[in-house]
Amino acid sequence: IIFDEIQMVGLEGGEIWERLLTSTHAPLLALSATIGNPAQFHSWLSRVLAQKKQRCHLIVHHHRFNDLRPFLYVPEVGGSKVDATLLPIHPFFALNIKTLERNGGVLPQDMKLLPEHCVTLFDTLKHNVEIKKPSIPKELEKDFAKLFDAVQRLEPDTFFGGMLEKNPTKYWDLSMADVRLYEQRLKELFSSLFQVAEPFGTITKQIAAKVVSALQSDISHSFQKAEELEKNPLIFLRDNLFTLAQMLKQRDGLPAIVFHFDRMRCEYFAQILDETLNQMEKEDRIKKGWKKKIDEILAELKPLEEWHENNIRDKKPDKNGVVVLREDETERVERMQELKARLRNLQKVDPEFSFGAISVEDVLEVIGRGTRQDIYRDPLLRALLRGIGVHHPGLDRGYRIAVENLFRFKRIRLIIATETLAVGINMPCKTVVLAGDSPFINAMYFRQLSGRAGRRGFD
């Protein structure tokens, strides 16, 4: 028996998982990508299985196949909303220098530095070591020289240059293992700054504090700016979600899941996005003269439809089941069908004003009910035409399944959802957006939500 998302044992409703674990005598495989205490959980499960004379083995893998890049969205006040509004977050932003001093510089085990984070950390560390050099007392010059040499050895050209000597082609084709080794060495050097004996230890701690402060400064300012703008979260999200979605579309960041923990607001935001795109498309069509073309088609089509209603629709077929039309009637029916096809083509959603690729016929097929008029009357079904879906427990089950299937096939590429898409469902995407704060988002839940992105084989 395979138990996926085994960390659910410790959450609300986990008693069902626990009951199954303790009652089954079949071999089992327990999986989790977010469990925070695997050793402790393994100890408990081993005791449970020992009562049934079964053994339990713990296998831990510490690395993701596709690493996640965290960003902060901050709208430019009075400036461009396209450039420089998705700001990369360096993991050192989360560090507290006093905590590091108490812990001897030990970094969190789950702190992952991407290649760009490593380069930024090295450059910042090297800069702060170099500017400290002129002020080093003579009696500490030997200690400083050792530190300087250690930093120089982590110069990327130097570090990976050793690999180049062994394998001349590898320099341009670094593996994930190569980069992880560099990350490990860089972390070890940074942590060692807190483990140096006095009096040189005071200097190394000052360097470490300067490094952390430098890596936090830009993003700290941006967080303060975001907090000022987010005094009313509803207005902030209403005014900025469309800009963010458009930015993700331009940067090839779709498909995306926007997590928000208020059901009604999920629907509200989807309607805002749909209405915004609809208004933009209307204005674009007016510029292109499409409205005039549509009016011309409707002017010719309406009398043809009335004629068809009064003269053709009720005609009885002959003995072979065929409705026989005169030549002039056939021409008028064909003209009516041609005009309808042209009208549908002009009225369908322009991909430029959509986050997906889906037609009215597609929506009717996946929903399995209703008419074209029903789709345009229902705001959530209408949003599907623009590649926007909503997912929360209060929605019709048929609609939720349709949204899941359309998203997997990339027919819609933006979903606004509550926690229903966080656990136990295969919904891979390129980007996860945490829209607003919630008391439900603890460390484990954050990993669970963000883990929808960066899925192996999909991103």
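A residue counts as buried when its relative accessible area is under 20%, as exposed when that area is over 50%, and as partly exposed in between. L31, with a relative accessible area of 34%, is therefore partly exposed in this structure, which is a predicted model. L31 is found in the loop between strand β2 (29-30) and helix α2, and together with I2 and L29 this residue makes a nonpolar surface patch of about 280 Å².

The overall picture of the chain helps to place these details. The secondary structure of the protein chain comes to 17 helices and 8 strands, and of its 459 residues 38% count as buried. Among the contacts with a separation of 6 or more, 70% are accounted for by residues 24 or more positions apart. The surface that the protein chain exposes is about 27,000 Å², and carbon and sulfur atoms supply 53% of that area.

Helix α2 follows the loop that holds L31. Helix α2 covers residues 38-50, and its 13 residues reach 18 Å from the first C-alpha to the last, close to the 18 Å expected at 1.5 Å a residue. The buried residues of α2 are F41, L45, V48 and L49. Seen down the axis of α2, these buried residues fall within an arc of 90 degrees, so they line one face of the helix. What covers them includes helix α1 (14-23), whereas A39, Q40 and R47, on the other side of α2, are exposed.

A link between distant parts of the sequence can be followed from M444, which is found in helix α17 (residues 443-450). M444 has a relative accessibility of 16%, and because the cut-off for burial is under 20%, M444 counts as buried. Leaving aside neighbours within four places in sequence, M444 is in contact with Q7, L11 and T34. T34 lies 410 residues away from M444 along the chain, yet the C-alpha atoms of the two residues are separated by 5.9 Å.

Helix α4 offers another check of geometry. At 1.5 Å a residue, the 18 residues of α4 (residues 115-132) should span 26 Å, and the end C-alpha atoms are 26 Å apart, which agrees. Buried residues in α4 are H117, C118, L121, F122, T124, L125, N128 and V129.

The charged side chains can be considered next, since a search of the whole structure finds 17 salt bridges. In helix α7 (residues 176-192), K187 and E183 lie 4 residues apart, about one turn of the helix, and their side chains meet in a salt bridge with an N to O distance of 3.0 Å. Both K187 and E183 are buried, and these two residues are linked with D67 and K112 in a network of salt bridges. Helix α7 also holds E188 and R185, which are 3 residues apart, again about one turn, and which form a salt bridge whose closest N and O atoms are 3.7 Å apart. E188 is partly exposed, with a relative accessible area of 41%, and R185, at 35% relative accessibility, likewise counts as partly exposed.

A further pair is found in helix α16 (residues 397-408), where E404 and R408, being 4 residues apart, are separated by about one helical turn. The side chains of E404 and R408 meet in a salt bridge of 3.9 Å, N to O. E404 is buried, with a relative accessible area of 13%, whereas R408 counts as partly exposed at 35% relative accessibility.

Key
Residues are numbered from 1 along each chain as its sequence is written. This is a predicted model: local features need pLDDT of at least 70, side-chain atom pairs count only at pLDDT 80 or more; totals for chains, interfaces and linings use all residues. Side-chain values use heavy atoms; hydrogens and water are left out. Helices (H or I, at least four residues) and strands (E, at least two) are DSSP runs, numbered from the N terminus. The expected span of a helix is 1.5 Å times one less than its number of residues. Buried means under 20% relative accessible area, exposed over 50%, partly exposed in between (1.4 Å probe, protein chains only). Contact means heavy atoms within 4.5 Å. Accessible areas come from the Shrake-Rupley method with a 1.4 Å probe; for residues, only the protein chains shown count as cover. The arc is that of the directions from the helix axis to the C-beta atoms. Patches are made of residues with over 30% relative accessible area and no salt bridge: like charges are joined within 9 Å, nonpolar side chains (Val, Leu, Ile, Met, Phe, Trp, Tyr) within 5 Å. A salt bridge is a side-chain nitrogen of Lys or Arg within 4 Å of a carboxyl oxygen of Asp or Glu.
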